[in-house]
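Biologist: I'm new to this one, so please pick a single part and walk me through it closely. Keep it informal, and explain the terms as you go.

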Amino acid sequence: MKGLHQLLSAVSRSFYLSMRFLPCEMRPGVAVGYLLARATDTVADTVDMDLKERLALLKMMGAAVAGDASHEAAATCFGRLGVLSSVQKHRGEGELLARFPECLALLEALPPREQMLVRNVLATIVEGQAWDLEYFVEHPSVICPEQLEH
């Protein structure tokens, strides 16, 4: 986790500061999960990128986190993230995208049970982010809560 503490503080100062209240043994898994989720969120929120391209990249990132991406798919994902990192307005988010492979390596270094938990949480987050992108293209605004049930 060394070296990424600075990255964590660059993308969320308040989260970084509040992590010290967690038990020491929880911090690595929570930090890695946060960084991965923040990276996928950055892609989902990049409005300067075509929606279909964002959705495809988001799904590639999800597969990489799940450990389901082939070597070629992961390389493609990392390459696209590298390009996207250079156009981010927020410097910390750009660095996070460029260092996504390092975040994945940190995930792999966690104990197997923690890896599984982080992967499960990220699968849910990426699924929700993809759903948001797909849904709000057709429905630019929500008039009533029932619209979100479909």
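Modeller: What follows is a close look at helix α8 and some of its surroundings. This is a predicted model, where local features need pLDDT of at least 70 and side-chain atom pairs count only at pLDDT 80 or more, while totals for chains, interfaces and linings use all residues. Residues are numbered from 1 along each chain as its sequence is written, and side-chain values use heavy atoms, with hydrogens and water left out.

A word on confidence before we zoom in. The chain averages a pLDDT of 87 (the predictor's confidence in each residue, from 0 to 100), and 90% of the residues score at least 70. Where pLDDT is low, the predicted coordinates should not be read in detail. Among the chain's elements, α7 has the highest mean, 94, and helix α1 (residues 5-11) the lowest, 80.

Now to α8, which spans residues 112-138; helices here are DSSP runs of H or I with at least four residues, numbered from the N terminus. Let's start with R119, which lies in this helix. R119 counts as buried because its relative accessible area is 16%, and buried means under 20%, exposed over 50% and partly exposed in between, using a 1.4 Å probe and protein chains only. The R119 side chain makes a polar contact of 2.4 Å with that of E108. By polar contact I mean a pair of N or O atoms within 3.5 Å; within protein, one must be able to donate a hydrogen and the other to accept it, and residues adjacent in sequence count only if both atoms are side-chain atoms. Leaving aside residues up to four places away in sequence, R119 touches V65, A66, G67, L107 and E108, where contact means heavy atoms within 4.5 Å.

N120 is also in α8. With a relative accessible area of 45%, N120 is partly exposed. N120 and A66 are 54 residues apart in sequence, yet their C-alpha atoms are 8.1 Å apart in space.

Further along α8 we reach Q129. Q129 is buried, since its relative accessible area is 10%. Its side chain has a polar contact of 3.0 Å with that of T40. Again not counting residues up to four places away in sequence, Q129 touches A37, T40, D41, A44 and L58.

As for the surroundings, helix α3 (residues 27-45) and helix α7 (residues 100-109) pair up too: their axes come within 10 Å. Their contact is made by V32, L35, L36 and A39 of α3 and F100, C103, L104, L106 and L107 of α7.

Notes:
Axes fitted to C-alpha atoms, helices over the stretch in contact; angles between N-to-C directions. Helix = DSSP H or I, 4+ residues; strand = E, 2+ residues; numbered from the N terminus.
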